[in-house]
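Q: Please take a close look at one part of this protein. After that, set it beside the rest of the chain and one further element.

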Amino acid sequence: MISNEERLPRALLLSVDTGEYDAEASLDELGELVKSAGAEPAFILTQKLSRPESATFVGSGKLEEAAQLCAEQELDLIVADSELSPTQIKNIENATDVRVIDRTTLILDIFALRARSKEGKLQVELAQLQYMLPRLTGKGIAMSRLGGGIGTRGPGETKMETDRRHIRRRMETLREELAEVEKHRRMLRRRREKDGVITCAIVGYTNAGKSTLMNTLTDAGVLAQDKLFATLDPTSRALKLPSGVSVMLIDTVGLVRRLPHHLVKAFRSTLEEAAQSDIIINLCDASSEEARVHLQVTRDLLDSLGCGDTPVLTVLNKCDLLDSAMTEQTFGSSICISAKTGAGIDRLLQAIEDNLPVRMQRVKLLVPFAKAGLVNDIREKATLLSEEYTAEGIAVEAVVDEMLYARVRDYRTE
């Protein structure tokens with residue numbers, strides 16, 4: 001039997017349904033977010049209102065119901081499925097005597113839990129400080145920072161004193177450190193472009209199976225768990241296509257609906273890995289009832305990042321859980337795969353090849369010794385598959401682009 005000390009924190013999910021979005025689907029997602037943060041979504045309270053109450057988020061009767069439920073069920077936390085003002089947080093906490101966090105704080109908390117790279121940690125801390133600066137009040141910040149738990153991860157407790165000047169100084173330092181990290185990222189990107197490295201980014205709704213696909217394609221060993229935001233930092237691995245062409249495959253942080261704009265901005269440099277890619281894979285969990293919404297969330301973000309001219313492959317994952325004919329009827333000519341079983345991966349690889357920024361050809365050549373410089377160019381500018389010195393010349397098998405092909409085609413052997 002689990003003791004009180006060992007049990008997961010139990011949360012009440014609180015929602016106001018204004019009709020602006022699918023409140024039920026959003027609450028389902030909020031429950032998954034709460035689980036990913038290490039708590040149990042125990043109860044849900046929803047109220048239909050034209051707009052949230054400015055002082056208490058929900059009406060007085062619903063707030064009283066929440067207070068009674070928290071007391072009777074010994075709940076530890078209230079999570080609002082919206083962004084709350086400092087006044088709303090304070091008033092709900094005073095009425096329920098339970099710590100209150102909102103959707104944005106929860107997402108930031110998961111970001112802090114998952115971040116591994118230096119850039120990811122810097123971005124998380126900056127986003128948290130920006131969000132917390134006007135909210136230095138109530139049990140969620142001033143009183144519970146030292147206690148730990150859901151919504152309290154990230155910046156060290158000594159950094160979370162209510163000295164606004166100290167926080168602003170820390171934010172400035174973080175921006176400077178991030179600028180250096182982003183400068184290094186731009187240098188790496190320019191190096192890839194100079195070396196002719198083709199990049200392919202996997203983007204999509206969180207928990208769509210991006211890390212599993214990455215592992216299937218490249219044996220990357222990226223963390224693959226059935227949790228929202230399991231991957232926060234971008235991971236890059238080389239992927240060799242059937243033709244022999246190698247591309248750089250990039251895994252990115254997953255998206256959620258109603259992701260606050262300032263969070264997108266805070267993680268923009270990470271997401272720009274996708275924006276700067278030659279090909280984008282928009283991966284979606286086809287088994288989700290919200291699959292269409294998930295695809296649109298990703299399309300909207302890609303549009304905001306200026307990816308209009310980049311080839312985007314719509315790839316439906318987890319198709320092994322669905323009827324193939326029904327999937328085709330629902331989503332049209334998208335690429336159906338199962339990253340877990342490997343089904344459809346051959347179609348995906350072919351689609352990547354078909355959308356390469358330059359047309360590549362696999363050739364077998366016999367290069368005269370007098371033209372050995374061509375072989376050196378192939379090594380530097382193409383994909384050299386094999387090389388053998390013979391009495392007649394240098395036998396080469398390679399994957400070359402159109403420009404290089406024009407120089408070597410006279411030496412083709414087949």
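**Arginine 175 and its surroundings**

A: Arginine 175 is partly exposed, at a relative accessible area of 36%; buried means under 20%, exposed over 50% and partly exposed in between, with a 1.4 Å probe and protein chains only. The model is predicted, so local features need pLDDT of at least 70 and side-chain atom pairs pLDDT 80 or more, while totals for chains, interfaces and linings use all residues. Residues are numbered from 1 along each chain as its sequence is written, and side-chain values use heavy atoms, without hydrogens and water.

Arginine 175 lies in helix H7, residues 164-194; helices (H or I, at least four residues) and strands (E, at least two) are DSSP runs numbered from the N terminus. Beyond its neighbours within four places in sequence, arginine 175 contacts Leu126 and Gln130, contact being heavy atoms within 4.5 Å. Leucine 126 is 49 residues away in sequence, yet the two C-alpha atoms are 7.6 Å apart.

The protein has 15 helices and 13 strands. Of its 414 residues, 51% are buried. Among contacts between residues at least 6 apart in sequence, 69% join residues at least 24 apart.

The further element is helix H11. Its buried residues are Ala291, His294, Leu295, Val297, Thr298, Leu301 and Leu302. They cover an arc of only 155 degrees around the axis, which puts them on the same side of H11; the arc is that of the directions from the helix axis to the C-beta atoms. Arg292 and Asp303, on the other side of H11, are exposed. After H11 comes glycine 306, with a positive phi near 75 degrees.
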